[in-house]
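Here is a short set of exercises to work through with the structure open beside you. Try each task before you read its solution.

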Amino acid sequence: MAAINNMHDPKPEKQTNHRTRAALLSILPGLGQFYNKQFLKGATFFVVVVSYFLVNYDLFFKGAGAGPGDRGGIWGLITLGEVPGVRGDHSIFLMVEGIIALILLFFGIAIYVWNFIDAYRVGKLRDMQLDVPSLKMQLRNFKDNGFPYAMLVPAMVLAVFTVILPLIFTFLIAFTNYKFNNSPPAKLVEWIGIQNFLNIFQVDIFRDTFFAVLVWTLVWTIASTTGVIAIGIGLAVILNQKGLRGKRIFRSILILSWAVPAFITILIFRSMFNESFGVFNTTLLPALGLDQGFEWMTDPTYTRLALIGIQWWLGFPYIMTMTTGILQSIPEDLYEAATIDGATAGEKFRLITLPMILFATAPILITQYTFNFNNFNIIYLFNNGGPAVPAQSAGGTDILISWIYKLSLGSNPQYAFAAAITLVLSFFIMTLAVVQFRRSKSFKDEDMI
Amino acid sequence: MRKQNRINMALSYLILTIASIVILYPLLWVVGTSLNPGKSITSDMIPSNPTLSHYFDLFDPSKTDYSLWYMNTLKIAIITMVVSVALITLTGYIFSRYRFVGRKNSLILFLVLQMVPQFVAIIAIYVLLNMLDLFDTHLALILLYAGGAIPMNTYLAKGYFDTIPKELDEAARMDGAGHLRIFWQIILPLAKPMVAVIALFNFMAPFNDFILASLVLRSPEKQTLAVGLYNMVSEQFDNNFTLFAAGAVLSAVPIVLLFFMFQRYFVSGLTAGGTKG
């Protein structure tokens, strides 16, 4: 009986130990596959891994041995160069090259590790005396499993170079003393640890500016976004009432403020709020009996009010459109049941409509807050973040992102300090991202590997 | 009850009318200004002797580079749109339909990346473009727009593809269709609203972007509308305002038309892809 069973079951495993041997032999890439008698695969692994490291060897390890200005790789990333000058080491280029070298090295190691795993797996199949897939099967498997990766390559490469690499670079810059007065090729940049972050709190002008800007950024984000959401939902509810005539016309007019490119409208408002020529001070306010007009561009309080008002004007149609879609999907019988129970219009709105809207649009509402947290365009195009404030390195309406812009590209740029502020800003946003991530239902429900 | 209802309706019309006036006033004011003779800013909404001369001036190379900016922006917008739509629909499809190692981590990475605006890394972008010798080229701008659109729009696309039943893919696979054919002939035609939204957003982005364009492009003849119009207003405010107004109207009109053409796709494209995000 036992003998018959053994014919069908895989044999006891300890008789052979191909998996360990194959994995160990894979230290030389491809040799494990040869041991497993998969010659073509072995040869491919060998050629790919060896040529990858040969081609990139210089990029990875071209260190102190080479002459100044000609070295780089991981050494460059660690030291940021030793000899300043046009013909010496360029710290910033060394850093970028170093990051690229690290990314490429990571991929090389990944292929190398895959070589071990593959040899081990096939060895295990042999240990269990199962069939090793034929070459044809392997190729087909490779084609099917490789398809998603192959299709992702273009988008991923582009995203790495335009989004991820710049962010890693900014992250690293934050720990250096890179600024306009201390920049290559004339000078070397050095690692200085968390000094930039300490400066936010220790240097008077930076500390005062940072907290002033931070407070206004939060006030701006909450006031502008909450207003946009309230107006958007309110107008959507009004527009979608039964029996209202001219819905299409009203909706088309209201959506205009979304359709016109925002930068154009902001520039238009910039002109309308101009203190000496703008229509607000010359026409609209005098019509209300306020002949003096307001200092829209020179008094921070008025600039702030104007900015929040403009963002309300710009932002609500998006929420209104979104809400309209949801309103149309709320089942009619909910309202009928409520009417029978004697609910007033206000109660229906508060207990049915609003919760439905907020529930369905929560992720979008959160992105609206992050959008305004980073709304550079309106702040910069309206009044360049101004008016200027004495004893601060930011203007009265600068939010974190526009302050970073000024620190990076203004007069006497403070690159490293700007990068440190960027990290602080990213920290705020990531916190919001986590909140959204947790709420995101489809993420939880999904059968993810 | 009926009386209450009538008051309600009257109030609704009142609010909608006020809101419409608030929306229309600045837009009509600019149209009026652009038709005003003279150069400076006025408060006449309806000019007494309207003229189109500022619109003609826009295309006079001796007066402004407006037509150049327009062509540049159109070129960048169209290429960005094509590249983004191709990359994003394919990427979104892969994330929606395939299960592979690294999928979950990539999705989380995208979620975080879409929160951080690309241009916080201005210094890095600046240095990279210098190293790659791409400074002051339209190619750099297109790559930045297309790359920056990937994280957020991939989410939108994936969310929309998730709503298309997987049975369709399987049926097609039974009939012997390959991976790409299923995507191209079965799934993509069903995702038209989403494609329309992504195409429009990516077409509009170069029209709206000021910061990256002002960072990358230096030569005056390479500038885009956003940078050009900004300089018009900020540098020579009072003596060129009517010209700016005409330029603003001409830039806005095509976008507004496109927007209304695609408007019906917005609700379905955004809610399916977005709220489930």
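A residue is buried if 20 or more other C-beta atoms lie within 10 Å of its own, exposed if 12 or fewer, and partly exposed in between. Please keep in mind that this is a predicted model.

**Exercise 1. Classify Ser219(B) as buried or exposed, and place it in chain B.**

Solution. Begin with the location: Ser219(B) sits in the loop between α10 (211–216) and α11 of chain B. Next, count neighbours: 8 other C-beta atoms lie within 10 Å of Ser219(B), so this residue is exposed. Finally, look at Leu188(B), which is 31 residues from Ser219(B) in sequence and 40 Å from Ser219(B) in space, C-alpha to C-alpha.

**Exercise 2. Find out what is notable about phi in Leu80(A) and Asp133(B), and decide whether each is buried or exposed.**

Solution. Take Leu80(A) to start with. This residue belongs to the loop between α5 (73–79) and α6 (91–127) of chain A. Its phi is positive, near 60°, in a residue other than glycine. Leu80(A) has 22 C-beta neighbours inside 10 Å and therefore counts as buried.

Now turn to Asp133(B), which is found in the loop between α5 and α6 of chain B. Asp133(B) is not a glycine either, yet has a positive phi of about 60°. Asp133(B) follows α5(B). With 9 other C-beta atoms within 10 Å, Asp133(B) is exposed. The helix before Asp133(B) does have buried residues: in α5(B) these are Ile122(B), Ile123(B), Ala124(B), Ile125(B), Val127(B) and Leu128(B).

**Exercise 3. Locate the peptide bond between Gly386(A) and Pro387(A) and state what omega is.**

Solution. Pro387(A) lies in the loop between α16 (376–383) and α17 (400–409) of chain A. The bond that joins Gly386(A) to Pro387(A) is cis, with omega about 0°.

**Exercise 4. Describe the fold of chain A, and explain why it is said to be more spread out than a compact globule.**

Solution. Start with secondary structure: chain A has 19 helices and zero strands. Then compare two values: the radius of gyration of chain A is 31 Å, while the globule rule gives 22 Å for 449 residues; the former is well over the latter, so chain A is more spread out than a compact globule. As for dimensions, the C-alpha atoms of chain A fill a box of roughly 100 × 75 × 35 Å along the principal axes.

The domains add to the picture. Chain A is divided into domain 1 (10–173) and domain 2 (201–444), and 46 Å separate the centres of these domains, taken over C-alpha atoms. Of the 449 residues in chain A, 39% count as buried. Among contacts in chain A between residues at least 6 apart in sequence, 62% join residues at least 24 apart.

**Exercise 5. Divide chain B into its domains and characterise the contact between them.**

Solution. Chain B has domain 1 (2–51) and domain 2 (63–275). Over C-alpha atoms, the centres of domain 1 of chain B and domain 2 of chain B are separated by 32 Å. Nine residues from domain 1 of chain B and nine residues from domain 2 of chain B take part in the contact. On the domain 1 side, the residues are three nonpolar, five polar and one charged.

**Exercise 6. Work out how many residues of each chain are in contact with the other, and which helix of chain B gives the most.**

Solution. Across the two chains, 76 residues of chain B are in contact with 81 residues of chain A. Several helices of chain B each supply at least two residues to its side, including α1 (2–35), α3 (66–97), α6 (138–162) and α12 (241–275). The most comes from α12(B), with 14 residues. By class, the side of chain B that touches chain A has 55 nonpolar, 15 polar and six charged residues.

**Exercise 7. Identify the residues with the most contacts inside the largest nonpolar core, and the helix that gives the most to this core.**

Solution. The largest nonpolar core has 170 residues, and those with the most contacts inside it are Leu267(A), Leu141(B) and Ala248(B). The helix that gives the most to this core is α6(B), with 14 residues. Follow Leu141(B) one step further: leaving aside neighbours within four places in sequence, Leu141(B) is in contact with Ile76(B), Leu212(B), Ala213(B), Val216(B) and Leu217(B). Apart from the largest core lies another, of seven residues, among them Ala22(A), Leu25(A), Tyr35(A) and Val122(A).

Terms used
Residues numbered from 1 in each chain as written. Chains lettered and ligands numbered in written order. Predicted model: local features only at pLDDT ≥ 70, side-chain atom pairs only at ≥ 80, totals over all residues. Contact = placed C-beta atoms within 7 Å. Helix = DSSP H or I, 4+ residues; strand = E, 2+ residues; numbered from the N terminus. Nonpolar A, V, L, I, M, F, W, Y, C, P; charged D, E, K, R; others polar. Domains from an automatic or database assignment. Core = buried A, V, L, I, M, F, W, Y, C linked by C-beta atoms within 7 Å. Rg over C-alpha atoms; globule rule 2.2 N^0.38 Å.
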